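Student: Please take one part of this structure and look at it closely. I would like a single connected account, with the numbers kept in.

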Amino acid sequence: MSSPAELSASELPMDSTLTGPVLIIGSGLLGASIGLGVRAAGCEDVYVQDISPTAEAVAQDIGAGISFSTLSEEERAALAPQLVVVAAPPDSAGAVCARALNAYAPRPEAGYPGAVVTDVASVKVQPLADVLASGADASRYVGSHPMAGREKSGPVAARGELFQARPWIICEHDSVRPECVRLVRSVAVELGAIVTSLSVEEHDQTVALISHVPQAMSSLLASRLQDTPLYALSLAGQGLRDTVRIAASDPTLWVQIFAANAAPIVKSLYGVREDLNRLIETLEDPLASGARLDLAQLMSEGNAGVARIPGKHGGVPTAFATLTVLVDDEPGTLARMLADIGDLGINLEDLRLEHSTGAPVGMAEVSVNPAKHDYLVDGLTER
């Protein structure tokens with residue numbers, strides 16, 4: 001029987017329970033949030049590495065891990081992480097993973113032959129292709145994607161709770177070792193995520209429609225506002241704000257995402273283009289025979305699509321009753337409203353806020369179980 005020293009990297013025994021050390025390469029929002037979450041879960045042996053010394057230092061300052069740059073050459077050479085998390089941009093994630101996997105790297109810190117390596121890029125086909133093409137030990141590579149984020153970026157926006165109740169997709173491939181998949185899955189679960197398994201192709205096709213195309217549509221609509229007079233924008237309601245909210249996302253990151261996942265995005269955009277052309281043609285002669293029926297069908301198709309999005313608790317979406325409450329724009333008013341709803345013993349299913357431009361009030365749209373609607377109206381009226 002071979003001794004452990006004689007075993008190849010693909011034969012090394014691995015524990016599917018995270019004990020550390022953990023090395024996070026990339027200390028932006030996701031990387032730093034993973035560091036915070038892992039440390040909060042009890043794994044203190046966490047290191048963060050970034051091409052930006054400032055980002056790496058900030059990640060250390062907020063408690064996401066120990067700055068890799070502060071280690072001596074001897075400490076770097078001795079570092080043998082159990083898990084390497086690559087939180088690099090989509091266009092470089094695969095190459096960074098390959099370097100982390102490389103058991104024959106010329107520098108000790110350039111390769112970790114005993115580590116499980118995962119990336120958290122928002123595309124999965126290209127990173128896997130890059131790892132396979134590199135000749136690195138792909139059996140220790142697990143592609144994953146936590147579907148969580150914020151409009152803000154960088155380590156200063158990181159939160160250890162970022163992944164709570166959010167989907168985390170794990171993409172197995174033909175040569176991956178099951179224990180490596182189990183380790184990445186256990187980390188996602190420990191951070192509070194809901195794990196889903198997809199192939200890399202299924203992943204990229206899915207996120208193209210549910211994430212990447214919405215970003216494109218939001219940005220395209222928001223671009224129409226550049227030359228809109230300010231008096232017109234001051235009349236905008238919550239509908240416009242909701243639709244263009246994600247247009248504030250980081251352009252640099254999205255350029256990489258669009259380029260890396262272009263084919264599935266284009267496929268979905270072809271369908272959007274067909275519907276848009278259909279709408280334009282109908283509106284060019286809105287009084288023509290059948291025009292209003294076609295408009296109604298387009299709206300109904302949208303209604304049917306929205307109805308398929310799972311509800312708050314998953315499964316078939318629930319039709320909640322809504323109530324709009326005028327809230328004074330003063331400290332503590334919203335908190336008092338929420339406290340009153342709690343005192344009435346009513347579970348708040350959803351809450352949307354709309355601010356009245358130039359007015360000292362806002363509107364809180366409260367969603368509750370339909371059976372509780374009238375009771376809530378009476379209770380808030382009494383208060």
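Tutor: What follows starts from the open sheet and moves outward to its neighbours along the chain, a helix and a pocket.

The model is predicted. Its open sheet has eight strands, in the order β3-β2-β1-β4-β5-β6-β7-β8. The pairing is mixed. The edges are β3 (66-67) and β8 (194-197), and each of these pairs on one side only. Strands of a sheet pair through backbone hydrogen bonds, either parallel or antiparallel.

Start with β4, residues 83-86. In the strand order, β4 sits between β1 and β5. Take the β1 side. Strand β1 covers residues 22-25, and four bridges join it to β4. The two run parallel. In this pairing V22 stands opposite L83 of β4. Now the β5 side. Strand β5 covers residues 116-119 and is also joined to β4 by four bridges. This pair runs parallel as well. Here V84 has V117 of β5 as its bridge partner.

What about the faces of β4? In a regular strand the side chains alternate between the two faces of the sheet. In β4, L83 and V85 are on one side, and V84 and V86 are on the other. All four are buried, and both faces of the strand are covered.

Just ahead of β1 there is a backbone detail to check. P21 lies in the segment before that strand. The peptide bond from G20 to P21 is cis, with omega near -5°.

Next, go to the β8 edge. Strand β7, residues 167-171, pairs with β8 in the parallel sense. Four bridges hold this pairing. W168 stands opposite V195 in β8.

W168 also leads to the aromatic contacts. A pair of aromatic rings is described by the distance of the centres and the angle of the planes. The structure holds two aromatic pairs. In one of them, F163 and W168 lie 5.2 Å centre to centre, with 50° between the planes. That pair is tilted. Both F163 and W168 are buried.

The loop between β6 (141-146) and β7 contains A165. Phi of A165 is near 60°, a positive value in a residue other than glycine. A165 counts as exposed, because its relative accessibility is 51%, and the cut-off for exposed is over 50%.

P178 is found in helix α6, residues 178-190. Its relative accessibility is 51%, so P178 counts as exposed. P178 and S139 are 39 residues apart along the chain, and their C-alpha atoms are separated by 8.9 Å.

The second aromatic pair is in helix α10, residues 251-260. W254 and F258 form a tilted pair, 5.4 Å centre to centre, with 50° between the planes. An α-helix has 3.6 residues a turn, so residues three or four places apart point the same way. W254 and F258 are four residues apart, so about one helical turn separates them. Their burial is not alike: W254 has 13% relative accessibility and counts as buried, whereas F258 has 28% and counts as partly exposed.

The rest of α10 can be read in terms of its two sides. W254, Q256 and I257 are buried. Seen down the helix axis, the buried residues of α10 fall within an arc of 155°, so they line one face. On the other side, P251, T252, V255 and A259 are exposed.

Last comes the second largest pocket. It holds about 1,700 Å³ of space. Its lining has 41 residues. P214, G302, G305, V306 and I309 lie nearest the centre. Several elements each supply at least two lining residues: α7 (200-223), α11 (262-284), α12 (291-307), β10 (350-355) and β11 (361-368). The largest share, nine residues, comes from α12. By class, the lining divides into 22 nonpolar, eleven polar and eight charged residues.

To recap the β4 region: β4 runs parallel with β1 and with β5, and its residues L83, V84, V85 and V86 are all buried.

How values were computed: Residues numbered from 1 in each chain as written. Predicted model: local features only at pLDDT ≥ 70, side-chain atom pairs only at ≥ 80, totals over all residues. Heavy atoms only, no water. 1 Å grid on protein atoms, 1.4 Å probe; cavity = no way out; pocket = protein on both sides within 12 Å on 5 of 7 lines; lining within 4 Å. Points joined across faces, edges and corners; volume = space filled by probe spheres on them. Nonpolar A, V, L, I, M, F, W, Y, C, P; charged D, E, K, R; others polar. Buried < 20%, exposed > 50% of the residue type's maximum accessible area, 1.4 Å probe, protein only. Phe/Tyr/Trp six-rings, centres within 6.5 Å; stacked < 30°, edge-to-face > 60°. Pairing = 2+ DSSP bridges. Arc of directions from axis to C-beta.
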